[in-house]
Amino acid sequence: MTVIKLEELKVLAKGKGELVGWHDPDEHRKWIRENKSRDLYDKTMTVKEAVSKFVKDGSYIASGGFGHIRVSMSIIYEIIRQKKKNLIMAGKTAVHDLDVLVGSGVVNKVEVAYSFGHELRGLSPASRRMVESGKCKVLAEISNAGYQWRFLGGMMGVPFIPSRNLVGTDTFNYSSSIVIEDPFSGKPICLIPSCNPDVVFIHVPRCDKNGNAQIDGITVEDFELARAARRLIITTEELIPEFRVRNEPWRTVIPFYCVDAVCEVPYGSHPCEMPYLYFFDEEHIAEWLELSSTEEGTQKYLDKYVFGVEDFEEYLALIGGVKKLNYLKKVEQLRAPMVAPWRKK
């Protein structure tokens, strides 16, 4: 057998981004073995308890879902309410979730792939202001596929994923990846470092008390992300009995042994969308975008919708309660017209 030593590999280029979220695979495996039980037990708790127990100052965090879809906003608001500090976030497909966290000041460092925008609604004034003023630092850049592979590597327990993606791009130059000469072909190959976030929060339509979670529709990176996470908080629209999981085991996208907390939070993605259940609250998103155009407006929003309520249930009552939530359900089911203030502009 021919042994190729690391120092014998030819490094062709190094990205200048800061490496975050990486752990030695053996150290991570040992941490998981010592800190996460594989027993079936009741993991239900409140959002307040989950954030207090698992989200620590300085943590590297990642949010599940995609853009404004299936985002665990109940956890995000609670992180702000508890005034966590110096959080680093994976800006994989991060829009409203990252914008609110950066705008509030609890996230002050980010590795970005798709960030600082609200898609067809426009850019993120709060995040742009925080980055341009230096209050939030962009540590590195990567592509969406690059994040998929960072989490895949973290799930697999390997230090990196080899890929031809990123080679020869400006994104690579600002990433934490390296390009080496492939010892087999002699061609350039990019080594994308694996990632094991300290805390991940994912919103799902259904989950049992043990943490067996089901996802309807596209899973994006959540399959890999859930398995790469050190701590995983699941928020769910509905807490279902175990027999439903056992009767349809193929629906379980995230297994119990990955999960540390299960929080039942109906409408927990508001103002974002939950596929098949409720649509985006475009009026509320527009309110955030308008207010967050200034520091004073951002604080006004937070004082009203985050610090001015005790929990997410009170927040839902404040944004319009049953009437608004029923309307969003009808829009998702194409039984009511969408109201979108941004369309007027």
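**Charges and salt bridges in a predicted chain**

I start with charge. The chain carries 46 positive and 47 negative charges, and the mean positions of the two sets are 0 Å apart. Please keep in mind that what you see is a predicted model.

Next, the overall build. There are 13 helices and 13 strands in the chain. Along the principal axes, the C-alpha atoms fill a box of roughly 70 × 50 × 35 Å. What radius of gyration does the chain have, and what would a compact globule have? The chain has 21 Å, which agrees with the value near 20 Å for a compact globule of 345 residues.

Now the surface and the interior. The accessible surface is about 16000 Å². Carbon and sulfur atoms account for 53% of that surface. As for the residues, 53% of the 345 in the chain are buried. The two percentages match in value, but one refers to surface area and the other to residues. On contacts, take the ones between residues at least 6 apart in sequence: 78% of them join residues at least 24 apart.

One residue to look up is glutamate 273. It sits in the loop between strand E13 (261-264) and helix H10 (282-291). Is glutamate 273 buried or exposed? Its relative accessibility is 11%, and buried means under 20%, so glutamate 273 counts as buried. Which residues does glutamate 273 contact, leaving aside neighbours within four places in sequence? They are His68, Ile69, Arg70, Tyr278, Phe279, Phe280 and Glu332. For a distance to check on screen, take glutamate 273 and lysine 16. They are 257 residues apart along the chain, and their C-alpha atoms are separated by 36 Å.

That brings me to salt bridges. The structure holds 20 of them. I will go through three pairs and one network.

The first pair is arginine 81 with glutamate 78. Their side chains form a salt bridge with an N to O distance of 2.5 Å. Both residues belong to helix H3 (residues 73-81), and because they are three residues apart there, about one helical turn separates them. Arginine 81 is buried, and glutamate 78 is buried as well.

The second pair is glutamate 295 with lysine 135. In this salt bridge the closest N and O atoms are 3.5 Å apart. The pair links distant parts of the chain, with the two positions 160 residues apart. Glutamate 295 is in helix H11 (residues 295-305), while lysine 135 is in the loop between helix H5 (125-132) and strand E5 (137-141). Glutamate 295 has 45% relative accessibility, so it counts as partly exposed. Lysine 135 is partly exposed too, with a relative accessible area of 46%.

The third pair is glutamate 242 with lysine 209. Their side chains meet in a salt bridge at 3.8 Å, N to O. This pair also links distant parts of the chain, the residues being 33 apart. Glutamate 242 is in helix H9 (residues 242-247), and lysine 209 is in the loop between strand E9 (199-207) and strand E10 (213-214). Glutamate 242 has a relative accessible area of 28% and is partly exposed. Lysine 209, at 34% relative accessibility, also counts as partly exposed.

Last, the network. Which residues are linked in a network of salt bridges? They are Lys36, Arg231 and Asp260. That is the end of my part.

Notes: Residues numbered from 1 in each chain as written. Predicted model: local features only at pLDDT ≥ 70, side-chain atom pairs only at ≥ 80, totals over all residues. Heavy atoms only, no water. Helix = DSSP H or I, 4+ residues; strand = E, 2+ residues; numbered from the N terminus. Rg over C-alpha atoms; globule rule 2.2 N^0.38 Å. Buried < 20%, exposed > 50% of the residue type's maximum accessible area, 1.4 Å probe, protein only. Contact = heavy atoms within 4.5 Å. Areas by Shrake-Rupley, 256 points an atom, 1.4 Å probe, with all protein chains shown as cover. Lys, Arg positive; Asp, Glu negative; His and termini not counted. Charge placed at Lys NZ, Arg CZ, Asp CG, Glu CD. Salt bridge = Lys/Arg side-chain N within 4 Å of Asp/Glu carboxyl O.
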